Amino acid sequence: MRIAYLLLHAWGMGGTIRTVMNQANTLVAAGHEVELVSAVRHRDEVRFPLDPRVRVTALTDSRGASAPTVAATPSDGQSDKPKEDAPLHIPRGEFGYRYFNRHLEDAIMAYCSGVRDIDVLVSTRPGLNFLVARSAPKSIVRVAQEHMNLSVHRPDVRKSIKDYYPKFDAVAVLTHRDREDYGELLPKARILRIPNAVHEIEPRSVDYDSKIVSAAGRLAPQKGFDMLLPAFQKVAERHPDSQLRIYGGGEKKAELREQIEKLHLYNHVYLMGHTSQLDKELAKSSVYVLSSRFEGLPMVMIEAMTHGLCVVSFDCPTGPADVLTDGQEGLLVPAEDVDALADALCTVLDDADLRRRMGGTARESARDYAPAAVHPQWEKLFEELLAERGTKAGQR
Amino acid sequence: MTPHAELEQVWPRDGRIRLVGRLHEHIPGETAERWRLLLVLRDQEDQRLSYDTTLDGTRFEVSFPVDDLALDGLADATWDLHLEPGTGTPPRLRVGRQLDDIRGKKKIMVYPAQSVTSDEDATVVRPFYTVKDNLSVECLPGDIPLRPGEIELPEWIG
């Protein structure tokens, strides 16, 4: 098969990009032709491992531009965008709205309407999905990926989803709960749940006597570290020898530092910053904690499970409840319930055998998210969709 | 690892800095009754502050008031911390945190500042880890925010 993925910025850092590159690597290794088509380009080098057989092209390129050009200077997407330049088809509520403009829309739709030499076009975020739905020919198989749960999308985005997603041959979402939610909004669309796969990692051995708890993510409101800190205050009182290490950087760092000082947690909670060896760091702890307000599918949590860490998590939309059964791989507590999170952390820190047992189950459950388990689902989906329309893709 | 005083906890609060930890690779034996925490002004060895303490085996717990560090006429000052027998005989053990796996504590294990005021000036006092993961205390002239948590990170943290 000849498969093209349409991305906003293939040279960027986000989770979607990493996931798509993982998929591309597996598909190209299975003998398919895979191309990544990026709407914009701001950098020279891709940030994640990518098989050299995967072609990467850009529809617009703002490298080296002296004057601000296409999306080179993202604004806040509010009132300061000149009207004549504002995108026509991207709702303002799209989280990537500020990266789009009229010129970029034209470039994307021109690519889509002209594309003939591929079998499958996969687009990877709402704004791109809407443009593909408007412009890509029905002669190719079109698949929309959703990396975010429906409840997070703003009303104008939901309306466009309702209008445009039924035009796709299939819509792929990350969790079972998303499949239900999107299914309710889009009764006529073909919706599948295919989770993201973790990148290939060598499971490390975990010291279950360790009372280090790990968390990771951008220091941003979404990750709920502001709720994790008061929870850990209770934990530190009960377990003075415990430690919380938070990996990641972000705009809330100073505020979190202030909260740590106010709660007198500076002997128990450390903002570790970025690390290039997260796997190694995670394996120093025996517990992973997820305090997010929302997620698509929390991949670092699954990576932690791959090593055998037991998990304590809010049951936030979406992901944790897909991956965890309360009492099996760890403990699942009501979303944003700080006391329940504290109690659950104390429960697992009380009992090294419990951590060991749950960690072992976590390692088993995480196998469902290995590339070998997930990526064949894509291949199977594309083949089915092609077969249904009678295209003999493999024989051309 | 050379003998040193390994920190477990540092508590900068309520006008004091309290240090908790254990001596590493040194057993004080009978001298444990009388030890002292020594603060030595960097680049000015003759300027020292000394606080008597009693060890529990190898375990130490000692505190001092931050007011003592903000000396008249010392605008910027860095104090290096040591533990030694009260007799002044060796060993002098540097206070630090060497035995865990975290490197680069200067940016990771960050402690709150406390402020000292007199009629004339204000000083911010904050313990910090050096690039060698030893503990020192820095005094910087500055205004006093209302809450320690509201103090912006001084430049030397970055």
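A word on the annotation before I use it: UniProt feature names are shortened here, and an annotation may be inferred rather than shown by experiment. With that said, the unreviewed UniProt entry lists residues 208-364 of chain A as "domain: Glycosyl transferase family". What we are looking at is a predicted model.

How much of that stretch is helix, and how much is strand? Over residues 208-364 of chain A, helix takes 43% and strand 19%. The C-alpha atoms at the two ends of the stretch are 17 Å apart.

Next, the domains. The domain assignment splits chain A into domain 1, made of 2-197 + 371-395, and domain 2, which is 212-369. Between their C-alpha centres there are 31 Å. Where the two touch, domain 1 of chain A supplies 16 residues and domain 2 of chain A supplies 12 residues. On the domain 1 side, the elements giving two or more residues are α5 (176-185) and α13 of chain A. The most comes from α5(A), with three residues. By class, that side of domain 1 of chain A has seven nonpolar, seven polar and two charged residues.

Helix α13 of chain A, residues 371-388, also packs against helix α1 of chain A, residues 15-29. The angle is about 75° and the axes are 10 Å apart. Because of that angle, α1(A) counts as roughly perpendicular to α13(A). Which residues make the contact? From α1(A) they are N22(A), Q23(A), T26(A) and L27(A). From α13(A) they are P371(A), H375(A), W378(A) and E379(A). In this contact three residues are nonpolar, four are polar and one is charged.

Key. Residues numbered from 1 in each chain as written. Chains lettered and ligands numbered in written order. Predicted model: local features only at pLDDT ≥ 70, side-chain atom pairs only at ≥ 80, totals over all residues. Helix = DSSP H or I, 4+ residues; strand = E, 2+ residues; numbered from the N terminus. Axes fitted to C-alpha atoms, helices over the stretch in contact; angles between N-to-C directions. Parallel < 35°, antiparallel > 145°, perpendicular 65-115°, else oblique. Contact = placed C-beta atoms within 7 Å. Nonpolar A, V, L, I, M, F, W, Y, C, P; charged D, E, K, R; others polar. Domains from an automatic or database assignment.
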